Amino acid sequence: MNYWLIKSEASTYSIDDLQKDKQTPWDGVRNYQARNFMRDQMQIGDKVIFYHSNDNPPHIAGFAKVASKPYSDATQFDKKSHYFDPKSSDENPRWFLVDMAFDKKCKRKIGLDELKNDKNLEGLMLIKKGQRLSIQPVSKEHFEYIEKLCN
DNA sequence: GCCAACGTTGGC
DNA sequence: GCCAACGTTGGC
């Protein structure tokens, strides 16, 4: 069992959208490190923190679960998609994703400030300066602590 | 293989 | 809207 944090702009795809959809392919990730986490390490049932970036304030909004094995991201082949990648091919797809399933919403929004000021969350990748990775591993301890904050 | 130019992320 | 951080691209 692994623990993760995923970012999404609330205005683009929020936890409410995921709740409505129940499950969705986590497409559009175009960063190799993030891809590698999905392709090489994520397993069905892994627990995921859902973070709303670019919100006011940015915050943790809830939880999701990994709901599929990794497979290739269809948007890379779609010429009309913002995520189209001409360098990718059917034989050798460059980008992979997993499905994310809705788990639960936080009872309150856990703002970035609060996360930064919480001694229990020291070392959490999200709150390190300049950390832009949209998929990050989270320790079990941090995950369980954040779960408590949300209840 | 270096590195300048450029693009994106995301907090503020 | 600004800009720091950082990843990618491409010329050499």
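Hi everyone. Let me begin at a cysteine: Cys150 is buried, with a relative accessible area of 2%. Before I go on, please keep in mind that this is a predicted model.

So what does Cys150 pair with? Cys150 forms a disulfide with Cys106, and the two sulfur atoms are 2.0 Å apart. Cys106 is buried as well, at 11% relative accessible area. For anyone who likes torsions, the one about the S-S bond of Cys106 and Cys150 is about 50°, which makes the disulfide right-handed. Cys106 belongs to strand S7, residues 99-111, while Cys150 belongs to helix H4, residues 140-150, so the bond ties together parts that are 44 residues apart in sequence. The disulfide count for this model is one.

Now over to the DNA, beginning with strand B. Which residues are around DNA strand B? They are Lys7, Tyr51, Ser53, Asn54, Pro58, Leu112, Lys116 and Arg132. On the DNA side, sugar and phosphate make up 73% of the strand B atoms that come within 4 Å of the protein. Sorted by type, the protein residues at this surface are three nonpolar, two polar and three charged. Strand S3 (47-53) and helix H3 (112-117) each supply at least two residues here.

Let me pick out some atom pairs. Lys7 has a polar side-chain atom 2.9 Å from a phosphate oxygen of DNA strand B. Lys116 also points to the backbone of the DNA, with a side-chain N or O atom 3.0 Å from a phosphate oxygen of strand B. With Arg132 the partner is a base: a polar side-chain atom of Arg132 lies 2.6 Å from a base oxygen of DNA strand B.

Please keep Arg132 in mind as we turn to strand C. The residues around DNA strand C are Tyr32, Lys87, Lys129, Gly130 and Arg132. They divide into one nonpolar, one polar and three charged. Of the strand C atoms within 4 Å of the protein, 69% are sugar or phosphate, and the rest belong to bases. Lys129 places a polar side-chain atom 2.8 Å from a phosphate oxygen of strand C. And what does the side chain of Arg132 meet in DNA strand C? A base oxygen, at 2.8 Å from a side-chain N or O atom of Arg132. Arg132 is thus listed around strand B and around strand C.

One residue from the strand B list deserves another look, and that is Asn54. It sits in the loop between S3 and S4, and it is exposed, with a relative accessible area of 63%. Its phi is positive, about 55°, although Asn54 is not a glycine. The loop between S3 and S4, where S4 covers 59-66, also holds Pro57. The peptide bond from Asn56 to Pro57 is cis, with omega near -5°.

There is another positive phi to mention: Lys22, with a value near 65°, is also a residue other than glycine. Lys22 lies in the loop between H1 and strand S2 (23-25), and at 61% relative accessibility it counts as exposed. In helix H1 itself, residues 15-21, we find Lys20. Lys20 is exposed, at 63% relative accessible area. Its C-alpha is 8.5 Å from that of Phe102, and the two residues are 82 apart in sequence.

Next, helix H2, residues 32-41. Its buried residues include Ala34, Arg35, Phe37 and Met38. Looking down the axis of H2, the buried residues fall within an arc of 155°, so they line one face of the helix. What do they pack against? The buried residues of H2 pack against strand S1 (3-9), strand S6 (96-97) and strand S8 (135-137). At the N-terminal end, Asn31 is the cap of H2, with a side-chain oxygen 3.0 Å from the backbone nitrogen of Gln33.

My last stop is Thr75, in the loop between strand S5 (71-72) and S6. Is Thr75 buried or exposed? Buried, with a relative accessible area of 15%, which puts it under the 20% cut-off. The side chain of Thr75 makes a polar contact with the side chain of Asp73, at 2.6 Å. Leaving out residues up to four places away in sequence, Thr75 touches Asp27, Gly28, Arg30, Ser81, Tyr83 and Phe84.

That is my tour, thanks for listening!

Note on methods:
Residues numbered from 1 in each chain as written. Chains lettered and ligands numbered in written order. Predicted model: local features only at pLDDT ≥ 70, side-chain atom pairs only at ≥ 80, totals over all residues. Heavy atoms only, no water. Near = heavy atom within 4 Å. Polar contact = N/O pair within 3.5 Å; in protein donor to acceptor, adjacent residues only side chain to side chain. Helix = DSSP H or I, 4+ residues; strand = E, 2+ residues; numbered from the N terminus. Nonpolar A, V, L, I, M, F, W, Y, C, P; charged D, E, K, R; others polar. Buried < 20%, exposed > 50% of the residue type's maximum accessible area, 1.4 Å probe, protein only. Disulfide = S-S within 2.5 Å. Arc of directions from axis to C-beta. Contact = heavy atoms within 4.5 Å.
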